Amino acid sequence: MAAPNLKSPTTITGKVTPYAVTTSLASALANGSSSGQCLRINSIRLANTSGAAVTVNVSHYRGSTHTYLVKTASLAANTALVVSQRDEFIYLEEGDSLYASASAATSVDMLITYDVWS
């Protein structure tokens with residue numbers, strides 16, 4: 001099924017996805033290759049929950065290519081980083097994903113808010 005026409009969608013549903021970032025660059029949110037949907041990312045926030053600084057990566061993945069939103073960004077202890085917010089929408093077309101990693105396991109929480117258009 002093809003992705004929906006964003007000018008006149010049938011439904012728009014707001015969603016929130018929490019993700020515990022690991023040391024491996026892994027998918028935090030994916031739009032299936034035949035979902036018939038478009039995901040509009042409203043915001044991406046990272047929070048360092050540890051007592052030490054870490055580095056983080058967040059990328060948009062399509063096919064076999066990672067396009068980084070942040071690459072090796074430093075995140076001080078007990079602080080947050082807004083990677084993207086509502087005034088800079090990111091769209092995940094069918095088959096696209098958001099990936100994330102951190103330099104230390106169980107140290108970074110990620111929160112993604114988005115709308116599912118179908």
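These points concern His 60, Tyr 91 and Ser 8 in a predicted model.

1. His 60, position and burial. The residue belongs to strand β4, which covers residues 54-62. His 60 has a relative accessible area of 13%, and it counts as buried because the cut-off for that class is under 20%.

2. His 60, polar partner. The side chain of His 60 makes a polar contact with the side chain of Asp 96, at 3.2 Å. Asp 96 is also listed among the residues that His 60 touches.

3. His 60, surroundings. Leaving aside residues up to four places away in sequence, His 60 touches Thr 65, His 66 and Thr 67. The list also holds Ile 90, Tyr 91 and Leu 92, together with Asp 96, Ser 97 and Leu 98. Strand β7 consists of residues 90-92, and Ile 90, Tyr 91 and Leu 92 are contacts of His 60.

4. Tyr 91, exposure and patch. Tyr 91, in strand β7, touches the buried His 60. Tyr 91 itself is partly exposed, since its relative accessibility of 34% falls between the 20% and 50% cut-offs. With Leu 6 and Phe 89, Tyr 91 forms a nonpolar patch on the surface. The accessible area of Leu 6, Phe 89 and Tyr 91 together is about 230 Å².

5. Ser 8, position and pairing in space. Ser 8 sits in the segment before β1, a strand of residues 12-21. Its relative accessibility is 53%, so Ser 8 counts as exposed, the cut-off being over 50%. The C-alpha atoms of Ser 8 and Trp 117 are 9.6 Å apart in space, while the two residues are 109 residues apart in sequence.

Key: Residues are numbered from 1 along each chain as its sequence is written. This is a predicted model: local features need pLDDT of at least 70, side-chain atom pairs count only at pLDDT 80 or more; totals for chains, interfaces and linings use all residues. Side-chain values use heavy atoms; hydrogens and water are left out. Helices (H or I, at least four residues) and strands (E, at least two) are DSSP runs, numbered from the N terminus. Buried means under 20% relative accessible area, exposed over 50%, partly exposed in between (1.4 Å probe, protein chains only). A polar contact is a pair of N or O atoms within 3.5 Å; within protein, one must be able to donate a hydrogen and the other to accept it, and residues adjacent in sequence count only if both atoms are side-chain atoms. Contact means heavy atoms within 4.5 Å. Patches are made of residues with over 30% relative accessible area and no salt bridge: like charges are joined within 9 Å, nonpolar side chains (Val, Leu, Ile, Met, Phe, Trp, Tyr) within 5 Å. Accessible areas come from the Shrake-Rupley method with a 1.4 Å probe; for residues, only the protein chains shown count as cover. A salt bridge is a side-chain nitrogen of Lys or Arg within 4 Å of a carboxyl oxygen of Asp or Glu.
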